[in-house]
Amino acid sequence: MKRRTFIALGAGAAVGALGLKAGQALGAAAPEPLAKMPTGETPAFVPMPDTAMSPGRRMLPIPDRMGGLPLLQTLAQRRSTRRFSALGVTDNVLANLLWATWGVNRADGKRTAPTAMNKQPVDLHVALANGIWLYHARENQLELQNQQDVRGRLGKGQVVLIYTADAGDYGAMAVGSLYQNAGLYCASVGLGNVVRASNAKEAGKYIKITPGYKIWVTQDIGWPA
Ligand SMILES: Cc1cc2nc3c(=O)[nH]c(=O)nc-3n(C[C@H](O)[C@H](O)[C@H](O)COP(=O)(O)O)c2cc1C
């Protein structure tokens with residue numbers, strides 16, 4: 001299927017036509033059709049129809065572009081949370097969180113966070129109950145890296161984000177933009193979060209680190225207790 005056909009159908013229909021299920025094996029609800037997006041808005045990403053799903057990859061639901069508190073109210077709610085309930089995070093919320101944190105928001109592949117010279121020197125991993133996954137923003141997919149549930153070793157959230165980026169200053173700055181995006185998304189929908197530098201070394205035991213990168217911080221995310 002050609003990319004243009006895919007866009008015309010809407011991602012939901014196209015995903016079905018490809019025999020893929022959005023959020024496959026993650027138990028997700030069907031994605032919102034792109035037709036619901038505000039007129040004239042460029043879809044932040046279009047799942048790549050020509051990319052065969054390789055083993056260990058899962059589609060995420062289409063992230064929302066609407067919803068959440070307005071920005072100033074969100075800023076008023078921004079805070080660290082260290083006590084989380086046992087309530088899980090749905091795949092739709094996870095997709096929204098990852099898109100807000102480090103999604104593609106323009107047709108030219110640029111992202112929800114700025115990076116020096118647009119080098120995008122960040123790998124975003126997410127620790128879930130069923131393992132650690134690498135986020136592929138352009139394809140809106142997760143790629144399994146490790147089948148262990150290591151969340152309890154990294155923090156207390158139902159979801160733990162692991163920020164790996166260039167070991168130089170610009171990597172740190174990029175990570176700061178990303179964790180603030182994540183924190184603001186959380187504040188806008190009532191999720192709790194806390195950034196932790198203290199567990200970065202531990203996280204390094206479970207993921208492959210791109211040469212020249214280091215783990216800067218992790219971020220616990222979940223519904224507050
Ligand atoms: C780079 C960075 C590293 C942090 N590391 C930790 C940590 O290891 N453990 C922790 O409990 N909080 C950590 N925090 C959270 C801060 O303690 C928290 O942001 C600060 O106390 C201010 O509270 P607030 O976020 O509610 O405004 C970190 C925050 C940042 C930005």
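The secondary structure of the protein chain amounts to seven helices and seven strands, in a model that is predicted. Read from the N terminus, the elements of the protein chain follow the order α-α-β-α-α-β-β-β-α-β-α-β-α-β. Of the 225 residues in the protein chain, 41% are buried, and, among contacts between residues at least 6 apart in sequence, 73% join residues that are at least 24 apart.

Helix 6, which spans residues 169–189, comprises 21 residues and extends 31 Å from its first C-alpha to its last, a distance close to the 30 Å expected at 1.5 Å a residue. The buried residues of helix 6 are G171, A174, V175, L178, Y179, A182, G183, L184, Y185, C186, A187 and S188. These buried residues pack against two other helices, helix 3 (71–77) and helix 4 (91–102), and also against strand 2 (122–128), strand 5 (159–166), strand 6 and strand 7 (213–222). After helix 6 comes G190, for which phi is positive, near 90 degrees.

Strand 6 (residues 192–196) is also an element of the ligand surroundings, contributing three residues, the largest share of the shell around the ligand. The residues that surround the ligand are R79, S80, V194, V195, R196, A197, S198 and V217. When sorted by class, this shell is made up of four nonpolar residues, two polar residues and two charged residues.

Helix 4, one of the elements against which the buried residues of helix 6 pack, contains L98. Because 25 other C-beta atoms lie within 10 Å, L98 is classed as buried, the criterion being 20 or more such atoms. When residues up to four places away in sequence are not counted, L98 touches L60, G103, V126 and Y135. L98 and H125 are 27 residues apart along the chain, and their C-alpha atoms are separated by 9.7 Å.

The loop between helix 4 and strand 2 holds Q120. Q120 has 19 C-beta neighbours inside 10 Å and therefore counts as partly exposed, since a buried residue would need 20 or more. Apart from its neighbours within four places in sequence, Q120 is in contact with R111 and T115. Q120 and A165 are separated by 45 residues in sequence, while the distance between them in space is 8.7 Å, taken from C-alpha to C-alpha.

Key:
Residues numbered from 1 in each chain as written. Predicted model: local features only at pLDDT ≥ 70, side-chain atom pairs only at ≥ 80, totals over all residues. Near = placed C-beta within 6 Å. Helix = DSSP H or I, 4+ residues; strand = E, 2+ residues; numbered from the N terminus. Nonpolar A, V, L, I, M, F, W, Y, C, P; charged D, E, K, R; others polar. Expected span 1.5 Å × (residues − 1). Buried ≥ 20, exposed ≤ 12 C-beta atoms within 10 Å, placed from the backbone. Contact = placed C-beta atoms within 7 Å.
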